[in-house]
Amino acid sequence: MPAKFPLSKFKVELKLAANRLRFLQEKQTALNTKARRGIASLLEAGKVASATVRVEGIIRDDLHIEAMEIVELFCELLCARAGLVDQLPTVDPGLCEAVSSVIYASSRIEARELPRIRDLLAAKYGKDVVMGAADNADGHVNAKLLQKLSVTPPSQALVGLYLKEIAAAYRVDWRPDGDSDDDKPSGGLREPAGAVPAEPMLPVQAPEQEDGDGADGPRADGGGDDVAALPSIPAPPTDRSTGDAEAADTPPAAPVEVPAIQPARTPAGKSAPDKDAESASSGTPTMDELQRRFDALRQL
């Protein structure tokens, strides 16, 4: 009779593995941040070869962190569906990828709980399942996990991209060879370095002339000549130091007599307007008419 599957122990190991993987991710991320600062210092000092070698290690560590995140999710999935593992004698189709991925990562990720989970699964499903998942013979291991845990070195394009991002993050003036803004073709002709762009010329508009018989404009009958406006001549500057002395020597100007304004005279042949005629035309009674009215009222 087969031994009973230790369900409680299986769940505890899965929870411990998830917490361990989360802790390892945070630790490795802090170490990578410190290493990026060192690479930025190397780029600033011009040691590109050393920075390139070190950045390959950072790339592998980043991929390892992403792999641990995937395994953490599979551990949480197995913990949530531990009842299926206990009840079914074979691997459930919905858990086949999670079981194979955890077994595959148990020998490639340094987490002490993963080998113990692998042993529990071997006791449940048999060693053949464990051996097939360890080498991905069945092809059930997660494709992203296989890529993250691969030992293939990163491409030169990825290395250059990492170096460029590190230089930009730490404000280091460095760019890969051949990656310059001056090498990029533009849509027009390239101007020389010392060329100054010419200012656009504004169109000159003729001065508008007002219609009518003005003093400055031409006459309506066309007999007058157009007089061109002369430019204003600025007054010569005066020196304040000598201005006071010159003002003292200059005699005061004679007062100017303003002629008195004479009242308008009536032209010869024309008499002054009659007040009675104006009052009659305007409808206002004169003093003589009012006197006659009062005399008429007294006789009544």
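# A guided look at an all-helix chain

Asparagine 136 is partly exposed, with a relative accessible area of 22%. Its place is in the loop between α6 and α7, and its phi is near 55 degrees, a positive value in a residue other than glycine. We will come back to this residue after a walk through the whole chain. Please keep in mind that this is a predicted model.

## The chain as a whole

What kinds of elements does the chain have, helices or strands? It has 11 helices and zero strands. Reading along the sequence, you meet the pattern α-α-α-α-α-α-α-α-α-α-α.

Of the 300 residues in the chain, 23% are buried. About 23300 Å² of surface is exposed, and carbon and sulfur atoms supply 55% of that area. Taking the contacts with a separation of 6 or more, 73% join residues that are 24 or more positions apart.

How confident is the prediction? The mean pLDDT of the chain is 76, and 63% of the residues reach 70 or more. Two stretches call for care. Residues 209–231 have a pLDDT below 50, with six contacts in the model beyond near neighbours in sequence. Residues 241–248 also have a pLDDT below 50, and this stretch has zero contacts beyond near neighbours in sequence. Where pLDDT is low, the predicted coordinates should not be read in detail.

## Two helices that meet α8

Two packed helices are described by the angle between their axes and the distance between the axes. Helix α8 (residues 156–169) gives us two cases to look at.

Which residues bring α1 and α8 together? On the α1 side they are Arg36, Ile39, Ala40 and Leu43, and they meet Tyr162, Leu163, Ile166 and Ala167 of α8. Sorted by class, this contact of α1 with α8 has seven nonpolar residues, no polar ones and one charged one. Helix α1 covers residues 7–45, and its axis lies 9 Å from that of α8, at an angle of about 90 degrees. Angles from 65 to 115 degrees count as roughly perpendicular, and α1 and α8 are therefore roughly perpendicular to each other.

The second case is α2 with α8. Their axes come within 10 Å and cross at roughly 100 degrees, which makes α2 roughly perpendicular to α8. From α2, the contact is made by Ala51, Thr52, Val55, Glu56, Ile58, Ile59 and Asp62, and from α8 by Leu158, Val159, Tyr162, Leu163 and Ile166. The residues of this contact of α2 with α8 divide into nine nonpolar, one polar and two charged.

Tyr162, Leu163 and Ile166 of α8 appear in both contacts.

## A covered helix

How many of the 10 residues of α4 are buried? Nine of them are, and helix α4 (residues 96–105) is described as mostly covered. Its buried residues are Cys96, Ala98, Val99, Ser100, Ser101, Val102, Ile103, Tyr104 and Ala105. They pack against four helices: α2 (48–80), α5 (113–125), α6 (127–134) and α7 (143–148).

Alanine 98 offers a closer view of α4. Leaving aside residues up to four places away in sequence, alanine 98 touches Phe74, Leu77 and Leu78. Its C-alpha atom is 8.2 Å from that of valine 71, although the two residues are 27 residues apart along the chain.

## Four residues side by side

| Residue | Place | Relative accessible area |
|---|---|---|
| Alanine 98 | Helix α4 | 2%, buried |
| Glutamine 25 | Helix α1 | 12%, buried |
| Asparagine 136 | Loop between α6 and α7 | 22%, partly exposed |
| Arginine 171 | Loop between α8 and α9 | 81%, exposed |

Why does glutamine 25 count as buried? Its relative accessible area is 12%, and buried means under 20%. What does glutamine 25 touch? Not counting residues up to four places away in sequence, its partners are Ile65, Met68, Glu69 and Glu72.

Most residues other than glycine have a negative phi. Asparagine 136, with its positive phi near 55 degrees, is worth finding in the structure for that reason. Arginine 171 is not a glycine either, and its phi is positive too, at about 55 degrees. Arginine 171 sits in the loop between α8 and α9 (240–249).

Definitions and conventions
Residues numbered from 1 in each chain as written. Predicted model: local features only at pLDDT ≥ 70, side-chain atom pairs only at ≥ 80, totals over all residues. Heavy atoms only, no water. Axes fitted to C-alpha atoms, helices over the stretch in contact; angles between N-to-C directions. Parallel < 35°, antiparallel > 145°, perpendicular 65-115°, else oblique. Contact = heavy atoms within 4.5 Å. Nonpolar A, V, L, I, M, F, W, Y, C, P; charged D, E, K, R; others polar. Buried < 20%, exposed > 50% of the residue type's maximum accessible area, 1.4 Å probe, protein only. pLDDT = per-residue confidence, 0-100. Areas by Shrake-Rupley, 256 points an atom, 1.4 Å probe, with all protein chains shown as cover.
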